[in-house]
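Here's a quick tour of how some side chains pair up and pack together. Take a look at the model first, then read on.

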Amino acid sequence: MLTKKQKDLLEFIHKRLQKDGVPPSFDEMKDALDLRSKSGIHRLITALEERGFIRRLAHRARAIEIVKLPDGMAPMAGMGGFEPKVIDGPHPSPAQAANVTPDEVQLFARELPVMGRIAAGVPIEAISHVHHHVAVPGQMLKSGGQHYALEVKGDSMINAGINDGDVVILRETSSADNGDIVVALIEDEEATLKTYRRVGSSIALEAANPAYETRVFPDEKVRVQGRLVGLIRNY
């Protein structure tokens, strides 16, 4: 159930997207709803996102996408199902970035260190240094804790939607549940991205490609370094 202000904002964004193909700025939202500051818009956008009506995208200036509309509000042409799997690049152009306020940058995306490359195939040497940084959607980090990113090398997780060259977003953790996709450190030397499964006193690291075998190690040989929470793909 939406409040009147939440519904008014959603309708304003919806109409602007229908008319111009881009969402309004925070200042335009503030003026349209007759609010004194943009902090009220922040709260309304967060509430709409938490209720599943919109999502915010990284790598695009001021990007808001409508996921669903309340009863009585006409849908946008071509509006379909929502698949929150991949955030596509590239980064916004300088012209786009110039139109984004600092408040909007903080709301839409956060910078994470890319620690290097991780094998989605045969394990490679463990990664521990920062190569560069990448902007990721704030909603990927809602679980709290520390996060980092790794560039994927290999195709062993392709059937899980993880391709060579993708950037995976991980929350630092030392524990995992069966079925989680994790970064696993093997014998403190090699790191790999695989599906985690505990089998008795052993850990199975499963690929998502039939060309690769499942590898099984004693549990003391494997340490979980992070759990997958998101993925960014550049074309």
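Asp166 and Arg233 are both buried (under 20% relative accessible area with a 1.4 Å probe, protein chains only; exposed is over 50%, partly exposed in between). This is a predicted model, where local features need pLDDT of at least 70, side-chain atom pairs count only at pLDDT 80 or more, and totals for chains, interfaces and linings use all residues. Residues are numbered from 1 along each chain as its sequence is written, and side-chain values use heavy atoms, leaving out hydrogens and water.

**Salt bridges**
- The structure holds nine salt bridges (a side-chain nitrogen of Lys or Arg within 4 Å of a carboxyl oxygen of Asp or Glu).
- One of them joins Asp166 to Arg233, with the closest N and O atoms 2.6 Å apart.
- Arg16 and Glu28 make another, at 3.1 Å from N to O.
- Lys15 pairs with Glu11 too, at 3.4 Å between the closest N and O atoms.
- Glu11 is partly exposed, at 29% relative accessibility, and Glu28 is also partly exposed, at 32%.

**Nonpolar cores**
- The largest nonpolar core (buried Ala, Val, Leu, Ile, Met, Phe, Trp, Tyr and Cys residues joined through side-chain atoms within 4.5 Å) has 17 residues, and Leu9, Leu10, Met29, Ile45 and Ile54 have the most contacts inside it.
- A second, separate core has 15 residues, including Ile118, Val152, Leu170 and Leu231.

**Rings**
- The charged end of Lys68 sits over the ring of Phe53, 4.9 Å from its centre (the cut-offs are NZ of Lys or CZ of Arg within 6 Å of the ring centre and within 35 degrees of the ring normal).
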